[in-house]
Amino acid sequence: MNRAPATAKLNLALVVGPRREDGRHEVATVLQRLDLADRVAVEPAPKLRVEGFPEDTLVRRALESLAAATGIEPGWEARIWKRIPVAAGLGGGSSDALRLANESLDEPLQAEALHELAARLGADVPFFLTSGPQLGEGVGGDLTPLDLPQDYWVVLVLPRDTQKGSTAAVYAAFDERGGERDYTERRAVLAQTLTRVRRPSDLAALPPNDLASSPVADELRALSAFRADVSGAGPVVYGLFHHREQAAAARRELESHGRTWLSVPTWYG
């Protein structure tokens, strides 16, 4: 059984634009892997079976889509060991299951076809088939590698009193408040800011998340985070710290708010 870590991701910035004709939104987002990870294992089997996480639909859909794209019956057993919180804005393991299953085929999809399949599964799925930080544009799957600093610590907080609606509802609220205004200018500001990033502290100048905000981010900054924001559509909030001691102290301080994690960036899964 082939195994791989299925890392979490952060949206270090998320600039959102107008709704497209296909119903999705234009975005420009900075994507960074973390060493917080699920574990995924995949092996050929007589029929499709996903074990370890009864609520899963994404891994099953990824494997069914791969089978359809390659003209075979979906015959894999997949097992998931969950560590990443579900529906929290951090991603998950469907792309890693897709990659492992593809590697098991006698005639696997080539990289471009696998990327196209991943993009149909979800806006951030193609990111997990790459290494290193990426700028995601279009709906998030048009990727450009970024050279960003990796020497900092990350505190994640999943507030227990935050009720997240569906991602569709979060985007609908964005539309209702006219959030798409000045998208071209805001995207240009993000692009210009990225050219000036050399040190971790330079990440503080990235624009804030257009979709969601949280008072927990203010608390993280008060506890010495040089950047804090919501990841993706939320509800997880992150804080970036220069030193492990600062990050660990902030995590202890915020444990009363909900679940917390201490993590670091990573280049690949």
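**View 1. Tyrosine 268, out on the surface.** A residue counts as exposed when its relative accessible area is over 50%. In this predicted model, tyrosine 268 has a value of 54%, so it falls in the exposed class. Look for tyrosine 268 in the segment that follows strand S10 (258-263).

**View 2. The company tyrosine 268 keeps.** Set aside the neighbours within four places in sequence, and tyrosine 268 is in contact with Thr7, Arg33 and Ser131. Glycine 132 is another residue to pick out here: 136 residues separate glycine 132 from tyrosine 268 in sequence, yet their C-alpha atoms sit 6.0 Å apart in space.

**View 3. Into the largest pocket.** The largest pocket comes out at about 1,200 Å³ in volume. It is lined by 50 residues, and the ones closest to its centre are Leu58, Gly122, Ala123, Asp124 and Thr167. What is the lining made of, in terms of nonpolar, polar and charged residues? The split is 22 nonpolar, 17 polar and 11 charged.

**View 4. Who supplies the pocket lining.** Two strands, S1 (2-19) and S2 (25-44), each put at least two residues into the lining of the largest pocket. The same goes for helices H1 (58-70), H2 (94-103), H3 (111-121) and H4 (167-176). Which element gives the most? That would be S2, with 5 residues.

**View 5. A four-stranded open sheet.** Read across this open sheet and the 4 strands come in the order S8-S9-S7-S10, with antiparallel pairing. Strand S8 (227-230) and S10 are the edge strands, each pairing on one side only. From one strand to the next, the twist averages 15°.

**View 6. Where S7 meets S10.** Strand S7 (residues 153-159) and S10 run antiparallel and are joined by 6 bridges. Zoom in on proline 159 and you'll find glycine 258 of S10 standing opposite.

**View 7. Helices on the sheet.** Helix H6 (residues 215-222) lies across S7, S8 and strand S9 (237-241), and runs at about 15° to S9. Helix H7 (residues 244-254) packs on the sheet too, touching S7, S9 and S10. The direction of H7 makes about 170° with that of S10.

Terms used: Residues numbered from 1 in each chain as written. Predicted model: local features only at pLDDT ≥ 70, side-chain atom pairs only at ≥ 80, totals over all residues. Heavy atoms only, no water. Buried < 20%, exposed > 50% of the residue type's maximum accessible area, 1.4 Å probe, protein only. Contact = heavy atoms within 4.5 Å. 1 Å grid on protein atoms, 1.4 Å probe; cavity = no way out; pocket = protein on both sides within 12 Å on 5 of 7 lines; lining within 4 Å. Points joined across faces, edges and corners; volume = space filled by probe spheres on them. Nonpolar A, V, L, I, M, F, W, Y, C, P; charged D, E, K, R; others polar. Pairing = 2+ DSSP bridges. Axes fitted to C-alpha atoms, helices over the stretch in contact; angles between N-to-C directions.
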